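I opened this model to look up its charged pairs first. After that come burial, one helix and one sheet. My entries follow.

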Amino acid sequence: MFEYFYHQVIRQVVVAFGTLFNDIHIARYDEQGNEVNRIKVPLGYGPQQKFIRRLNRIGRDFEERNIKIENYLPRISFEIQQLTYDPARKLSPLNQTVSAASGSSLKRRYERVPYNIDFNLGVMAKNMEDALQIVEQILPFFQPDYTVTIILNETDPKVDVPFVFKSATIGEGDDGSYGNYDLRKVTYINMVFTAKFYLYGPIRDTKVITDTSVNIFKFPSGPTYASIQTAANGATTGSMSVTGPSANYATGDGLVGITGGARGMTGITTTIIEY
């Protein structure tokens with residue numbers, strides 16, 4: 001049942017999410033409201049607690065007079081919270097997708113499986129003004145979703161992945177320093193986003209149908225009978241029988257479809273699609 005395959009789908013979704021926030025800046029202003037400095041906010045993958053612990057080490061593990069809190073804050077971090085199945089977007093698992101790999105071969109897979117990833121985006125700043133500057137550069141683009149096109153695999157070269165904003169919490173002193181003058185105060189904002197994407201099973205190579213044979217017989221009286229065979233590289237892959245106005249088609253790989261039949265004065269005309 002199981003075989004090795006790896007499409008790097010989750011990795012690409014995580015990278016795409018982080019890339020959305022890798023060019024955010026904050027500005028410093030003088031008393032007249034003129035911009036005097038602009039700082040790019042660093043971005044990293046990981047929980048906020050790790051960085052808060054690093055802040056608490058200032059003055060303990062190394063000399064505090066040689067460290068400036070401005071060199072550490074503001075900062076943005078993100079991490080995966082949970083991965084859940086999304087039944088609302090489920091399609092029939094028997095569906096198949098076929099794409100041309102070359103002139104003589106095809107790629108085929110079964111229906112992709114819908115999943116959601118919840119991300120936590122954390123903003124840490126020295127003061128509320130810096131934190132609000134960062135938030136106002138993010139939230140206006142999510143209404144409530146922002147769609148990114150990602151190149152995933154040969155059967156789905158371009159897939160639109162929506163990132164949906166869900167909620168945000170704003171506070172101060174999340175490191176336990178609220179009201180405690182022995183610890184540093186940190187302004188924090190936590191935002192939750194959901195990425196709606198698909199996971200893929202194995203993608204297999206299959207043959208191209210190169211030959212189709214159709215035999216139609218018209219009897220003087222009674223119904224019309226027809227037989228159809230399709231072949232890929234000399235091997236029969238399916239057959240069809242027609243009796244009167246009804247048609248039955250059977251194929252081993254599902255690569256040929258019947259678009260329809262029309263009963264005329266001399267028999268039945270049937271059209272075959274070659275994928």
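I started with Arg 89. Arg 89 makes a salt bridge with Asp 86, with the closest N and O atoms 2.7 Å apart. The term salt bridge here means a side-chain nitrogen of Lys or Arg within 4 Å of a carboxyl oxygen of Asp or Glu. I noted that the model is predicted: local features need pLDDT of at least 70, side-chain atom pairs count only at pLDDT 80 or more, and totals for chains, interfaces and linings use all residues. Residues are numbered from 1 along each chain as its sequence is written, and side-chain values use heavy atoms, with hydrogens and water left out.

Next I checked burial. Asp 86 counts as buried because its relative accessibility is 9%. The cut-offs are under 20% relative accessible area for buried, over 50% for exposed, and partly exposed in between (1.4 Å probe, protein chains only). I then followed the charges outward: Asp 86, Arg 89 and Lys 196 are linked in a network of salt bridges. My search of the whole structure gave 6 salt bridges.

Which residue pairs with Arg 109 in a salt bridge? I found Asp 156, with the closest N and O atoms 3.1 Å apart. This pair links distant parts of the chain, 47 residues apart. Arg 109 is in strand S6 (residues 105-110), while Asp 156 is in the loop between strand S8 (145-150) and strand S9 (159-172). I took strands and helices as DSSP runs, numbered from the N terminus (strands: E, at least two residues; helices: H or I, at least four). Both Arg 109 and Asp 156 are buried.

Asp 156 also meets Arg 112 in a salt bridge, at 2.9 Å from N to O. Arg 112 lies in the loop between S6 and strand S7 (113-125) and Asp 156 in the loop between S8 and S9, so the pair ties together parts 44 residues apart in sequence. I compared accessibilities. Arg 112 is partly exposed at 24%, whereas Asp 156 is buried at 12%.

I moved to Glu 79 in strand S4 (residues 75-85). Is Glu 79 buried or exposed? I read 18% relative accessibility, so Glu 79 counts as buried. Leaving out residues up to four places away in sequence, Glu 79 touches Tyr 45, Gly 46, Pro 47, Asp 118, Phe 119 and Asn 120. I count a contact when heavy atoms are within 4.5 Å.

Helix H3 (residues 128-136) was next. Its buried residues are Asp 130, Ala 131, Gln 133, Ile 134 and Val 135. They pack against strand S1 (25-29), S4, S7 and strand S10 (187-199). At the start of H3, I found a side-chain oxygen of Asn 127 within 3.3 Å of the backbone nitrogen of Glu 129.

Last, I looked at an open sheet. Its 3 strands run in the order S5-S6-S11, with antiparallel pairing. For pairing, DSSP must find at least two bridges between two strands. S5 and strand S11 (204-207) are at the edges with a single partner strand each, so one side of each has no neighbour in the sheet. I found 4 bridges joining S6 to S11. Arg 108 stands opposite Arg 204 in S11.

I closed on Val 98, in strand S5 (residues 96-100). Val 98 counts as partly exposed, at 34% relative accessibility. The C-alpha atoms of Val 98 and Asp 205 are separated by 9.6 Å, with their positions 107 residues apart along the chain.

Definitions and conventions
A polar contact is a pair of N or O atoms within 3.5 Å; within protein, one must be able to donate a hydrogen and the other to accept it, and residues adjacent in sequence count only if both atoms are side-chain atoms.
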